[in-house]
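This briefing covers a pocket and some backbone angles. Please have the sequence and the model open while reading.

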Amino acid sequence: FSSPRCSGKTFVHGVLSMGRLCHRCILPHYASSGLTRHSHTLQASSLPHLVGSNMKIALATTSVFLGSRLNRIVTRRASSLCFAARRATTRAHSSISACSAAEESSAANPLLASWSHVPFNLPPFHMIRPTHFRPAFEEGMEKHLEDLRRIVDETENPSFENVIAAYDRAGDLLGKVDAVFGNMCSSLNTPELQVVETEMSPVLSRHRSATYMMSGLFSKADQVYEQRHDFALTPAQIRLTERINMDFN
């Protein structure tokens with residue numbers, strides 16, 4: 001049984017075989033030999049105790065052997081399960097992070113997203129944070145200047161449609177962001193919004209000055225204003241032309 005390749009099952013079978021050999025062969029042999037309690041070699045009455053003690057030692061050894069072997073098996077199995085669990089957890093976290101990153105990238109700034117899915121196209125106030133305003137303002141200002149440059153670069157003769165109407169549509173994103181910002185500053189006025197307001201006030205002021213000072217823009221708007229009664233415009237269109245001219249003056 002001392003072989004390192006001896007398995008637990010083989011060891012138990014060996015112990016049980018040893019017990020059967022003792023009870024079937026050794027005890028009858030001593031009984032038939034006429035041993036008495038005065039025998040100096042071995043007393044028959046003590047033989048069962050001897051065999052029993054040996055069996056107890058064998059069984060205890062078996063228990064220790066099997067226990068240590070079972071512990072090793074359980075430990076290895078637990079380690080494998082823990083490793084598999086860690087891998088599964090890591091993969092789950094990676095999947096969640098990837099989904100969160102995709103979500104954040106698609107709707108990172110609700111001020112720049114479409115509100116068509118919101119009833120009445122209302123701003124999603126529950127999603128808007130003070131940190132969203134500065135990047136939204138910056139993008140809105142950039143697109144506003146692009147719209148105005150297209151008006152200046154227009155090669156057709158100035159008309160209500162390609163100057164006044166285009167000027168009125170320009171800066172739609174900036175107007176949307178500014179309207180939400182004004183609403184939240186008036187209703188909430190949190191310290192975070194106050195910080196954004198302090199930072200953006202001079203930036204927005206410079207932007208407005210840049211729109212009015214853009215070379216070639218006022219000259220086109222003024223041409224339409226001077227000819228407003230020659231374009232067969234509606235009263236509303238004439239009023240809009242006059243208001244834009246007043247803004248430049």
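The lining of the largest pocket is made up of nine nonpolar, five polar and four charged residues. The model is predicted, and the pocket has a volume of about 370 Å³. Of its 18 lining residues, those closest to the centre are His-144, Ala-170, Gly-171, Leu-174 and Arg-208.

**Pocket lining by element**

- Five helices each give two or more residues to the lining of the largest pocket: helix 3 (133-153), helix 4 (160-169), helix 5 (172-187), helix 6 (191-212) and helix 8 (235-248).
- Helix 6 makes the greatest contribution to that lining, at five residues.

**Positive phi outside glycine**

- As background, most residues other than glycine have a negative phi.
- Phe-120 has a positive phi, near 60°, and is not a glycine.
- Phe-120 sits in the loop that runs between helix 2 (47-106) and helix 3.
- With a relative accessible area of 80%, Phe-120 is exposed, the cut-off for that class being over 50%.
- Ala-232, also not a glycine, has a positive phi of about 55°.
- The loop between helix 7 (217-226) and helix 8 holds Ala-232.
- Ala-232 has a relative accessible area of 72% and therefore counts as exposed.

**Elements that recur**

- Helix 3, which borders the loop of Phe-120, is among the helices that give two or more residues to the pocket lining.
- Helix 8 borders the loop of Ala-232 and is likewise one of the helices giving two or more residues to that lining.

Terms used
Residues numbered from 1 in each chain as written. Predicted model: local features only at pLDDT ≥ 70, side-chain atom pairs only at ≥ 80, totals over all residues. Heavy atoms only, no water. 1 Å grid on protein atoms, 1.4 Å probe; cavity = no way out; pocket = protein on both sides within 12 Å on 5 of 7 lines; lining within 4 Å. Points joined across faces, edges and corners; volume = space filled by probe spheres on them. Helix = DSSP H or I, 4+ residues; strand = E, 2+ residues; numbered from the N terminus. Nonpolar A, V, L, I, M, F, W, Y, C, P; charged D, E, K, R; others polar. Buried < 20%, exposed > 50% of the residue type's maximum accessible area, 1.4 Å probe, protein only.
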